[in-house]
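These are my notebook entries on a structure that was new to me. I set down what I looked up, entry by entry.

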Amino acid sequence: FPVTSASSGRSVLGVSGTTELVSALAIRSVLDFGALATGASTDAAANYTAFTAAIADMPSTGGRLWIPEGTYAVSTSIVLNKAGVYYGDGKGTLIKCVSSTQDVFSITAGGVILEKIAFTSSAIIKTAGACVNVSANDVTVQDFFMHGYYTGVKTDSTALAKVNVRG
């Protein structure tokens, strides 16, 4: 079913047809792309690959990416380069950074909502890097929890991010 505006007849939600709409509304899970929610540092490369593949699978107009409950080790910054909702299950979704200097998420696209995710830097001492590094406009970060981090949310001087940190 095409979704169009009653007043203008134009497509809404940034999609033009039924297939595109279904793809944009489909919820992708990082587990379906091979993420490992064990918390083991040795899983960091697999998790980076899974997150990147899941984001690449989203339509260019955006989508929804679910990070189910579990602990995901990461050592390389995951780039959120498509609009969409990236969400977890609150404090039950824990992203464990095993690098002393890397950002966890680097948001380079506008229209991103990142929510219901917790972050920890594990047993390492962070000397640089943020949980979330924003370099785009129209970004919302909410229901965000962190422990042992060097920086929580970092924005560059040109980004007009709306950041709502609660928890």
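**Entry 1. Strand 6.** I am working from a predicted model. I began with strand 6, residues 93–97, and found it mostly covered, with four of its five residues buried. I then looked up its partners. With strand 3, residues 70–74, strand 6 pairs in the parallel sense over five bridges. In strand 3, A73 is the residue I found opposite K96 of strand 6. Strand 8, residues 112–120, also runs parallel to strand 6, and three bridges join the two. Here L94 stands opposite A118 of strand 8.

**Entry 2. The whole chain.** I next stepped back to the overall layout. The protein chain has two helices and twelve strands. Read from the N terminus, the order of elements is α-β-α-β-β-β-β-β-β-β-β-β-β-β. The chain has 167 residues, of which 44% count as buried. I also looked up how far along the sequence the contacts reach. Of the contacts between residues at least 6 apart in sequence, 63% join residues at least 24 apart.

**Entry 3. The nonpolar core.** Which residues have the most contacts inside the largest nonpolar core? I noted L80, I95, F105, L114, F119 and V132, in a core of 31 residues. Helix 2 supplies at least two residues of this core, as do strands 3, 4, 6, 7, 8, 9 and 10. As general background, I recorded that nonpolar side chains in soluble globular proteins tend to be buried together.

I followed I95 further. Leaving out residues up to four places away in sequence, I95 touches F51, I67, Y72, V74, V104, F105, I117, A118, F119 and T120.

**Entry 4. V141.** I looked up V141 in strand 10, which covers residues 139–147. V141 counts as buried because its relative accessibility is 1%, under the 20% limit. Its C-alpha atom is separated by 5.9 Å from that of I113, although the two residues are 28 apart along the chain.

**Entry 5. The salt bridge.** How many salt bridges does the count come to? I recorded one salt bridge. D57 forms a salt bridge with R28, and their closest N and O atoms are 2.9 Å apart. This pair links distant parts of the chain, D57 being in helix 2 (residues 44–57) and R28 in strand 1 (residues 27–29), 29 residues apart.

I then asked whether each partner is buried or exposed, and looked up both values. R28 has a relative accessible area of 9% and is therefore buried, the limit being under 20%. D57, at 41% relative accessibility, counts as partly exposed, because this value lies between 20% and 50%.

**Entry 6. D43.** My last entry concerns an acidic residue in the loop between strand 1 and helix 2, namely D43. D43 is buried yet has no salt bridge. Which side chain of opposite charge is nearest to D43, and how far away is it? It is K96, at 8.6 Å. K96 had already appeared in Entry 1, as the residue of strand 6 opposite A73.

I next looked for other partners of D43. Its side chain makes a polar contact with the side chain of T38, at 2.2 Å. With neighbours within four places in sequence set aside, D43 is in contact with L36, T38 and A73.

Conventions
Residues are numbered from 1 along each chain as its sequence is written. This is a predicted model: local features need pLDDT of at least 70, side-chain atom pairs count only at pLDDT 80 or more; totals for chains, interfaces and linings use all residues. Side-chain values use heavy atoms; hydrogens and water are left out. A salt bridge is a side-chain nitrogen of Lys or Arg within 4 Å of a carboxyl oxygen of Asp or Glu. Buried means under 20% relative accessible area, exposed over 50%, partly exposed in between (1.4 Å probe, protein chains only). Two strands pair if DSSP finds at least two bridges between them. Lys and Arg count as positive and Asp and Glu as negative; His and the chain ends are not counted. A polar contact is a pair of N or O atoms within 3.5 Å; within protein, one must be able to donate a hydrogen and the other to accept it, and residues adjacent in sequence count only if both atoms are side-chain atoms. Contact means heavy atoms within 4.5 Å. A nonpolar core is a set of buried Ala, Val, Leu, Ile, Met, Phe, Trp, Tyr and Cys residues joined through side-chain atoms within 4.5 Å.
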